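This briefing is meant for a reader who is meeting this structure for the first time. Please look over the sequence and the model before reading on.

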Amino acid sequence: MLLNLIDTRHGTNNQYSFSNGNCLPYTGVPFGMNYFAPQTNGDNGSWWFHPEDRIFQGFRLTHQPSPWMGDFSHLVVLPFNGELKEETLFQAQSSYRPSESVFNPSYLKITEQRYQLTTQMIPSMYGGVLTIDYTQRAAGLMLSLPGKYELRIEDPHTISGKIINFSGCEDPNFSFFFTLHFQQPLATESFGEKIGANKCLTVSFGDISEQVIQFGTSFISDKQAKLNLAREIEWAPKDYLSNSEQQWQNYLSKIEIHDKNNARRSTFYHNLYRAFLFPQTFYEQDTDGKIIHYDTLAKEVKPGYLYTNNGFWDTYKTVYPLYSLIAEEKYAEMLEGFLNNYRESGYLPKWLSPDERGLMPGTLIDAVIADAAVKNIRPDLMPELLKAMIKGATIQSSNPNYGRQGTKDYLTYGYVPASYHESVNHTLDYTYSDFCISQVAKTLGKADVANHYQTQAKNYLNIFDPTTGFMRAKLSDGTFKEPFNCHQWGEDYAECSAWQSSFAVYHDFAGLIQAYGGKETFQEKLIELCNQAPTFDVTGYGFEIHEMSEMAATEFGQLAISNQPSFHFPYMFNYIGKPEFAQPLLKQLMTQVFNDSPTGYPGDEDNGSMAGWFIFSSLGLYPVCPGSGEYVVGIPLFDKAVIHLSSGEKLTITAKPNQEQQQFVDHITYNDSIYEKLFFTHDELTSGGTIDSLGIVPRPREYTLEQLPFSCN
């Protein structure tokens, strides 16, 4: 079973100052409403788990999408034996042996050395089951309830409650409801109802050898949490496990990897697991089975799908293009959920956790919508989604969390002035979103709208400085901001410098190449980008941020694969007809900075986005421009990959003999015929077939314009 390849500690060896993924060891069902993970140090803020810690503080029920976002609606459950000096996690925590524990996507198994008890946590979509094998007397359970809480013992087998804790939310009383059902009755004297904040509470079961605790949870109500539990109350632990394993196997088997290098194959499936964690389900089913969710703005229950925990600045690049190939049904459902966000808030979401947090430049859900539109996914939603996109592009919200920032100035000047923080990235993201709007309009036959936004999509030229070859911040009077330092991070650039920001013209590389003066000049700029030291200037931030440290840790010049702005850099060589420059670079990146260990990523993984980069790149394809319907060719990493497509077809990608010395693609065959283009269309891939390639030395050749990847120029 593919699940047994995966250790969820992948990418979890992190600290505030340096990221090897900033992942957490999540056990849950794919896109689960909740996840479970061992907490090893709750005093360490968002970094509450570390794979080298030897202390177990309990199973944390969590909704943390990133340490930079924080957790919400979280609590910790810790089994223990005996009497405690104080009811605190510190007094109750136990050592454990990481090497003897199971960190599997479908279940967790940990032995607490202090108490010599073994626990197993198995998740479901809205709950889960915890089994505990006690070996000592006075069996107990501690509940750590951060924030405000209400807790009540309803009967000897049932505890229900709610907690209020979040990093940010439109509803100040946003609550998470839970109910616990104990197979063995409580021996604790009833405390009725307890209301408080930031406490640990314990219950006792007496001298028992085994306890089975079933969870039901809800963001809607206590009644809904009990309903969610009632639907599973007849399940045994083996039923929970079978359900979880079946869901994971369904997604992991979408792509079959065959390769002589088992470590690389393992790395692939670790990344595939990460690609199906986010966004998280934020809807439930009422007594009639109808889909409902909690609207944090209206503070009431509404019909329809909803998803949370996603930053589109990261995920639009790889996550949703991957779903378009192998999880189209789920992608279609998510689009409906994002449209509900618009209906309820008035703007499409940018960073949901649990509702709009307003972080990062741009409104890059536009790319998620455009990519679906050109691939004919949910065409029924596109008229309303287009209206939502246009509203975000033209109407400035009074709440800075929503929509574009500097909208009026962008429409006035054709760029976002330097008076706005990260103005360069805002401008570039808006021009790309304008392209995405034009693509959706084209699918709906709205030629005037399409032409208008395609013209605006050229606005990136307004901040291009041909003298330096960089995108630069401009003042409102039309002059470039001075002084300029191409290695300075921050201020005008988001999490990077001019080197990483200046090539974010995914929709029109032909136009950017022309602005540089031609292919030769552009090629020299790309070579300079890669062949220099990974230096940086901290002036914009005033200190070294972790993204700088991560770029400096690898010797790939200014190609900071550790962060999303650089993801497409190797593939830019294809746009000048030089794929032979990209191929060894891609192979080196895949094999040198990715692995299947707790240090498995070169930087923040970010909700499946970096996992998606590895998945696509290792298959030899990459969606440089979501919304174009194309995938730029790279170099396949594996002997053979079989993709089971949502279309029902099968795509087989082979590389022979696939030795280390084969760093180039000599030629490509598609369905046994020579394939001349440097990209595949979505329709070609979803039709299935076979792709074959590889070679030892490069074979440079000339390409026609039709054989180069998409540009709207």
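The points below are grouped by topic, beginning with strands and helices and ending with side chains.

The model is predicted, and every value given here is computed from it. The topics include an open sheet of 6 strands, a helix whose 11 residues are buried, and a set of aromatic pairs that the count puts at 63.

**Strand 18 and its two hairpins**

- Strand 18, which covers residues 291-295, is mostly covered, since 5 of its 5 residues are buried.
- Ile-291, His-293 and Asp-295 point one way from strand 18, while Ile-292 and Tyr-294 point the other way, and all of these residues are buried. In a regular strand, side chains alternate between the two faces of the sheet.
- On one pairing, strand 17 (residues 283-285) runs antiparallel to strand 18 and is joined to it by 3 bridges, with Tyr-283 having His-293 as its bridge partner in strand 18.
- Strand 17 and strand 18 form a hairpin with 5 residues between them, and in the turn Gly-289 has a positive phi of about 85°.
- Strand 18 is also joined by 4 bridges to strand 19 (residues 300-303), and these two strands run antiparallel; here the bridge partner of Tyr-294 in strand 19 is Val-301.
- The hairpin of strand 18 and strand 19 has 4 residues between the strands, and in this hairpin Lys-299 takes a positive phi near 60°.

**The six-stranded sheet and helix 18**

- An open sheet of 6 strands is arranged in the order 15-27-28-32-29-30, and its pairing is mixed. Its edge strands are strand 15 (255-258) and strand 30 (673-675), each of which pairs on one side only.
- Neighbouring strands of this sheet are turned by 20° against each other on average, with direction ignored.
- Within the sheet, strand 28 (residues 650-655) and strand 32 (residues 689-693) run parallel and are joined by 5 bridges, and the bridge partner of Thr-654 in strand 32 is Asp-692.
- Helix 18 lies across strand 15, strand 27 (640-644) and strand 28, and runs at about 60° to strand 15.
- Because 11 of the 11 residues of helix 18 (residues 609-619) are buried, this helix is largely enclosed by the rest of the structure; among the buried residues are Met-610, Trp-613, Phe-614, Ile-615, Phe-616 and Leu-619.
- Just after helix 18 comes Gly-620, which takes a positive phi of about 85°.

**Helix 14 and its surroundings**

- In helix 14 (residues 509-516), the residues Phe-509, Gly-511, Leu-512, Ile-513 and Tyr-516 are buried.
- The buried residues of helix 14 pack against strand 23 (464-465), strand 24 (470-471) and helix 15 (519-530).
- Gly-517 follows helix 14 and has a positive phi, near 105°.

**Aromatic rings and charges over rings**

- The count comes to 63 aromatic pairs. In one of these, Tyr-432 and Tyr-506 meet edge-to-face, at 5.2 Å centre to centre and with 70° between the planes.
- Tyr-432 lies in helix 11 (residues 423-443) and Tyr-506 in the loop between helix 13 (498-501) and helix 14, so this pair ties together parts that are 74 residues apart in sequence.
- Tyr-432 counts as buried because its relative accessibility is 1%, and Tyr-506 likewise counts as buried, at 5% relative accessibility.
- Phe-435 and Phe-710 form a tilted aromatic pair, with 5.6 Å centre to centre and 50° between the planes. This pair links distant parts of the chain, with Phe-435 in helix 11 and Phe-710 in the segment after strand 32, 275 residues apart.
- Phe-435 has a relative accessibility of 0% and therefore counts as buried.
- One aromatic cluster is formed by Phe-31, Tyr-251, Phe-276, Phe-312, Tyr-320, Tyr-323, Tyr-331 and Phe-338.
- Lys-391 lies over the face of Tyr-347, at 4.7 Å from the ring centre, and Lys-474 lies over the face of Phe-480, at 5.2 Å from the ring centre.

**Cysteines**

- The count of disulfides comes to 0. A disulfide is a covalent bond between the sulfur atoms of two cysteines.
- For Cys-496, the closest cysteine sulfur is that of Cys-486, and because the two sulfurs are 13 Å apart they are too far for a bond.
- Cys-496 counts as buried because its relative accessibility is 1%, buried being under 20%.

Conventions:
Residues are numbered from 1 along each chain as its sequence is written. This is a predicted model: local features need pLDDT of at least 70, side-chain atom pairs count only at pLDDT 80 or more; totals for chains, interfaces and linings use all residues. Side-chain values use heavy atoms; hydrogens and water are left out. Buried means under 20% relative accessible area, exposed over 50%, partly exposed in between (1.4 Å probe, protein chains only). Two strands pair if DSSP finds at least two bridges between them. A disulfide is a pair of cysteine sulfur atoms within 2.5 Å. Axes are lines fitted to C-alpha atoms, for helices over the stretch in contact, and angles run from 0 to 180 degrees between N-to-C directions. Contact means heavy atoms within 4.5 Å. Rings of Phe, Tyr and Trp (its six-membered ring) pair if their centres lie within 6.5 Å; planes under 30 degrees apart count as stacked, over 60 as edge-to-face and the rest as tilted. A charge sits over a ring if NZ of Lys or CZ of Arg is within 6 Å of the ring centre and within 35 degrees of the ring normal.
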